[in-house]
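Me: Could you walk me through this structure, one question at a time? I'd like to see how each answer is reached.

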Amino acid sequence: MSREIASLAARVAALEKQLTRTTRTAKLAHSSIEGGAVEVHNHVGSLTGIVGVQPDGTTGIVAVNGTPPPHTERTPR
């Protein structure tokens, strides 16, 4: 019976370790932006957006370095 208990204890310890590695809490769950901004970067580190105070002094969300919109030709009327 003690081997079974030791085996079970080892499994519980392994699961606790795995849970610790995979569990995260929100970094900004109870935070605010006081007179600043949060920059959003993509997987390669390029700036893709700014949330908060913008360079012109306004507040909002701005996409940066996005792909250009598709070009559509307008026909004269």
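Me: Happy to start with the sheet. What is the order of its strands?
Reply: Keep in mind that this is a predicted model. The sheet is open, has 3 strands and shows antiparallel pairing. Its order is E1-E2-E3.

Me: Which are the edge strands of this sheet?
Reply: An edge strand pairs on one side only. That description fits the strands at residues 37-41 and 59-63. The edge strands are therefore E1 and E3.

Me: By how many degrees are neighbouring strands turned against each other on average?
Reply: Here direction is ignored, and the value is an average over neighbouring strands of the sheet. That average turn is 10°.

Me: Which residue in E2 stands opposite His41?
Reply: E1 and E2, the latter covering residues 47-53, run antiparallel and are joined by 5 bridges. Within this pairing, Val38 stands opposite Val51. His41, in turn, faces Leu47.

Me: Which residue in the turn of the E1 and E2 hairpin has a positive phi?
Reply: The hairpin leaves 5 residues between its two strands. One residue in that turn has a phi of about 95°. It is Gly45.

Me: And the helix: how many of the residues in H1 are buried?
Reply: Helix H1 covers residues 2-22 and reaches 30 Å from its first C-alpha to its last, close to the 30 Å expected. Buried means under 20% relative accessible area. H1 is hardly covered, and among its 21 residues the buried count is 0.

Definitions and conventions
Residues are numbered from 1 along each chain as its sequence is written. This is a predicted model: local features need pLDDT of at least 70, side-chain atom pairs count only at pLDDT 80 or more; totals for chains, interfaces and linings use all residues. Side-chain values use heavy atoms; hydrogens and water are left out. Helices (H or I, at least four residues) and strands (E, at least two) are DSSP runs, numbered from the N terminus. Axes are lines fitted to C-alpha atoms, for helices over the stretch in contact, and angles run from 0 to 180 degrees between N-to-C directions. The expected span of a helix is 1.5 Å times one less than its number of residues. Buried means under 20% relative accessible area, exposed over 50%, partly exposed in between (1.4 Å probe, protein chains only).
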